[in-house]
Amino acid sequence: MIDLSNQTPFASGSNRHCYRHPSYPDRCLKVIRPDNIEARYQRQPALKKLLGKERLNDNLQEIEAHEQTVIQHLLTQGQDDVVWAHLPRFYGQTATAQGPANESEFLTNPEGGAAETFEHYLARAGFDETAQALAQEFTDWLQRTGILTRNLLPHNLVLGVRNEKLRLFLVDGLGAPLIPSLLSTSRNWRLHYIDRRIRRFYKRIEWETSGREEPWELSQKL
């Protein structure tokens, strides 16, 4: 069992802490923040509470997302490079003293440190030619593979280097809610779903680079 108590997370979200793996520096460990799950659960309406707390566990959702039909089909066909072209390689769950952790590839910047988030890049450089090319390559991959995601948010994407090539990687938000997942057996519906995610992604980029003058809830409407 891995003890992370003496380590500082290299990144933290509202629901998880991310640590560098102490034995494998090319991997990271995502650990749930149980206090936040409890707080989110208590804010749920009574009917949603009946669904339990597991649906609020990002690690369990991430495991399920990697089991989606398209990803499993591509892996079975030996197309690993296609699957991981814009996803960190995923190694399953690992026991730690802080609870079960999802273990995945640690994505780096050109200097070898933690990869910069797309949100941070946009705030620093704007939607410049580099960002445009990276976004286009990423969205082309989504349309080509049919891999399902939730809304594409710049803070859930990083600019990582693999094989000396810079590209966007989705580090959070893989998978789709239950109903869209069930409907995704229809190719036309799947493509429609992905197209909406991509269009909203570009609206989000525009919102983040134009000063966020109005609430995102109003800006995101298609």
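This report covers two helix packings and one cavity in a predicted model.

## Basis

Residues are numbered from 1 along each chain as its sequence is written. The model is predicted, with local features needing pLDDT of at least 70 and side-chain atom pairs counting only at pLDDT 80 or more.

## Helix α7 against helix α9

Helix α7 (residues 129-145) and helix α9 (residues 187-209) have axes that come within 10 Å and cross at roughly 165°; axes are lines fitted to C-alpha atoms, with angles from 0 to 180 degrees between N-to-C directions. Helices are DSSP runs (H or I, at least four residues) numbered from the N terminus. The pair is therefore roughly antiparallel (over 145 degrees). The crossing is right-handed, the near helix being turned clockwise from the far one by less than a right angle.

Contact means heavy atoms within 4.5 Å. On the α7 side the contact includes Phe 138 and Leu 142, and on the α9 side Ile 194 and Phe 201. Its residues divide into eight nonpolar, three polar and one charged; Asp, Glu, Lys and Arg count as charged, Ala, Val, Leu, Ile, Met, Phe, Trp, Tyr, Cys and Pro as nonpolar, and the others as polar.

## Helix α6 against helix α9

Helix α6 (residues 118-125) packs on α9 at about 45°, with the axes 9 Å apart. The two are therefore oblique (outside under 35, 65 to 115 and over 145 degrees). Phe 118, Glu 119 and Leu 122 in α6 meet Phe 201, Ile 205, Glu 208 and Thr 209 in α9.

## Cavity

There is one cavity of 30 Å³ or more (on a 1 Å grid, a set of points where a 1.4 Å probe fits but cannot get out). The largest holds about 70 Å³, the space filled by probe spheres set on the points. Among the residues lining it (an atom within 4 Å of a point) are Lys 30, Glu 62, His 66 and Asp 172.

Methods
Side-chain values use heavy atoms; hydrogens and water are left out. On a 1 Å grid over the protein atoms alone, a cavity is a set of points where a 1.4 Å probe fits but cannot get out, and a pocket is an open set with protein on both sides within 12 Å along at least five of seven lines; lining residues have an atom within 4 Å of a point.
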